Amino acid sequence: MAHHLRFRQIHLDFHTSGNIPGIGLGFDKDEWIHTLKDAHVNSITLFAKCHHGWHYHDTKIGKMHPSLGFDLLRAQFDACKEADINAPIYISAGYDDITMMEHPGWKNIFVDPKTMEVRIPSNLRAGFHRACFNSPYLDHLIEEIQEVMEQFPNCNGIFLDIVKQPVCACEHCMKVMRENGLDPTKYEDLVICQQMAQERYFKMTTKAVMEIDPEMPLFHNGGFVKPGNQALLNEYFSHQEIESLPTGGWGYDHYPLAAKYAQTVGMDHLGMTGKFHTTWGEFGGYKHPNALRYECSAMLAYGSKCSIGDQLHPCGKLDSSTYRIIGKAYSEVEAKEAWCDHVNSIADIAILPKQAVEKDTNRDESSDVGVGRLLLEGHFLFDIIDLNADFGKYRLLILPDAVSIDAKLKKRLDTYMAKGGRLLLTGTSGLDKDGQPLFEMGAKFDGKNPFAPDYLLPIEKLQPPDVDSPMVMYLPSQRMKVTKGTSLGVTYDSYFNRTDHYHFCSHQQTPYPPDQSGYDSGVQFGNIVYLAHPMFAIYRGWGCVPVAQYLRKVVSLALGEPPRLTCNLPSAARVTMMDQPSKKRSIVHLLYAGVLPRGGASTVDGVQVRGNGMVIEELLPLVNTTVKVKPLKAVRKATLEPQGIPVLFEREDDGYISFRVDSFTCHQMVVLHY
Ligand SMILES: [Zn+2]
């Protein structure tokens, strides 16, 4: 069921309280079409059923919104089809408030993993109540899906939302646990039951859709587009939608890193931002158009199609300001998309993150985020992979900080290195559970350093430009002494750890004594570079610039040979390189915007309320960008696109070429034709 996505999509939320009158009365077919067409939209996800549980079409299974007097979805859908705008259909899966009120026994009863206390859904706070997929609710959902597909057989996909089953101790889960010999007082057994419900959801919903139309595009939204999930994605998904609203809690570096995994799965993908100043459900919240221009440009640069989230007003009329702003971004996307379809990323490096080898990691594992940011800011060409990937495609694999290596992975890594592959390991990656190395690293290991923080002094060639003194490392290192390898630096312990009133110094960590600890901070041996600190979690946590400068040098050292691409862009700018083999060309994307901290938490009547920290307002040009790159094939000519302006380039040694872009603002594609 592989699905080729269009470039300019809207995800049109329509979660609408039953207390609001006059639903859909402002809908006007011609205005609807013109608003979308003027905003260059060519696909829009429309609502069959919202989180409140109301339907917006003629339904015999569910309940139509009490203030809706006609089939709104049909009207929206037919208008879209008339204008050649794709219309996938949205069905809220995990949230369905109306059904939960009618069947309280179908609600998810969440269990806190730390205290094992159950959390009963409260009627005293505003918010949706969640269903359990082990309950008969799932059969009800299946009937709703079937009804929608029968009514709209020519829809362009089914989007099922809130599909992640939480841990649950409802009556139905207790029955499943009894029948399967699981002990509900053990958290790990609750997790097994949760996984059974999750699998039940995936199997039943996907079967329901495929039985009616095996070609129907299908997406399950619940944070499943991440390393380690490739088998799941291949079995149940037709494409990937990366929900990542930069100002809605995800931040500006979540989407690029998610896309760097999505692009390795071999399925079309889209990036999903929002038109909101903050996040979903924000009526009257707007971004500066430049923010959407940047966010959509980033989607193109990382090989995605674009989707912008909006919420339709209950009256059914699209908001003119929203679509004016979206149009500014989507007119640019339309001009650029010819260079962005059917592309593959070109990468020197792959990150094999903790997420790829361990289940139930956080969305933002600090080490994984830290190494991703470091490579983005250092302008390295990289992918993020899981165990399904072909390691041999990459010159360097990075296993950040705490990636456990089992016998099978160890064997694969040995084979990879025997063929010339290189490894960068940090922290406990590459060590067994006793802290001893799994690979010959030319060093001996002596357990975890009891001093934390400690200090790191790199060898001269790895030092940051302005610092030749020991730098504080906030998280504990492994004690490692180089034997046969090359030392990459030394560590200093502190006089003592900051513990209590009798052991502390000044405002923060205790300083280091004049003598080194006797241990090394890193080693290079053969094809392996190892650093004794969890450097990427440290960088994620503290963001220290000299530490980044040091780590960029370490990555270059670990690569062994010069990177395929180097440039003089500032660290806030991004670069990617995509190949478009069907058009015999590769595309270097240059991308830059200044993300500014503006909002934040605010206090109203003594109560702290959530704010938003980040905005993009002006887009400033970058001048005199120089790029040196080794193309995949000999370059015939180079052009700036979509402007069509030729770029002069010089041929360098070893197959490299170099060129200069005098000035660009936000996003520039440099196309290398071969
Ligand atoms: Zn349950």
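Domain bounds here come from an automatic or database domain assignment. For this protein chain, the assignment gives three entries, listed below.

| Domain | Residues |
|---|---|
| domain 1 | 8-341 |
| domain 2 | 349-563 |
| domain 3 | 567-673 |

Residues are numbered from 1 along each chain as its sequence is written. Please keep in mind that this is a predicted model: local features need pLDDT of at least 70, side-chain atom pairs count only at pLDDT 80 or more, and totals for chains, interfaces and linings use all residues.

Let's start where two domains meet. The C-alpha centres of domain 1 and domain 3 are 31 Å apart. Across the boundary, 19 residues of domain 1 are in contact with 22 residues of domain 3, contact meaning that C-beta atoms, placed from the backbone, lie within 7 Å. On the domain 1 side, α8 (246-250), α10 (289-301) and α11 (320-336) each supply at least two residues; helices (H or I, at least four residues) and strands (E, at least two) are DSSP runs, numbered from the N terminus. The most comes from α10, with seven residues.

Next, look at helix α4 (residues 137-151). Its 15 residues should span 21 Å at 1.5 Å a residue, and its end C-alpha atoms are 21 Å apart, which agrees; the expected span is 1.5 Å times one less than the number of residues. Among the buried residues of α4 are Y137, L141 and I145, where buried means 20 or more other C-beta atoms within 10 Å of the residue's own, with C-beta atoms placed from the backbone. Their cover includes β2 (43-49) and α6 (187-212).

Notes:
Buried ≥ 20, exposed ≤ 12 C-beta atoms within 10 Å, placed from the backbone.
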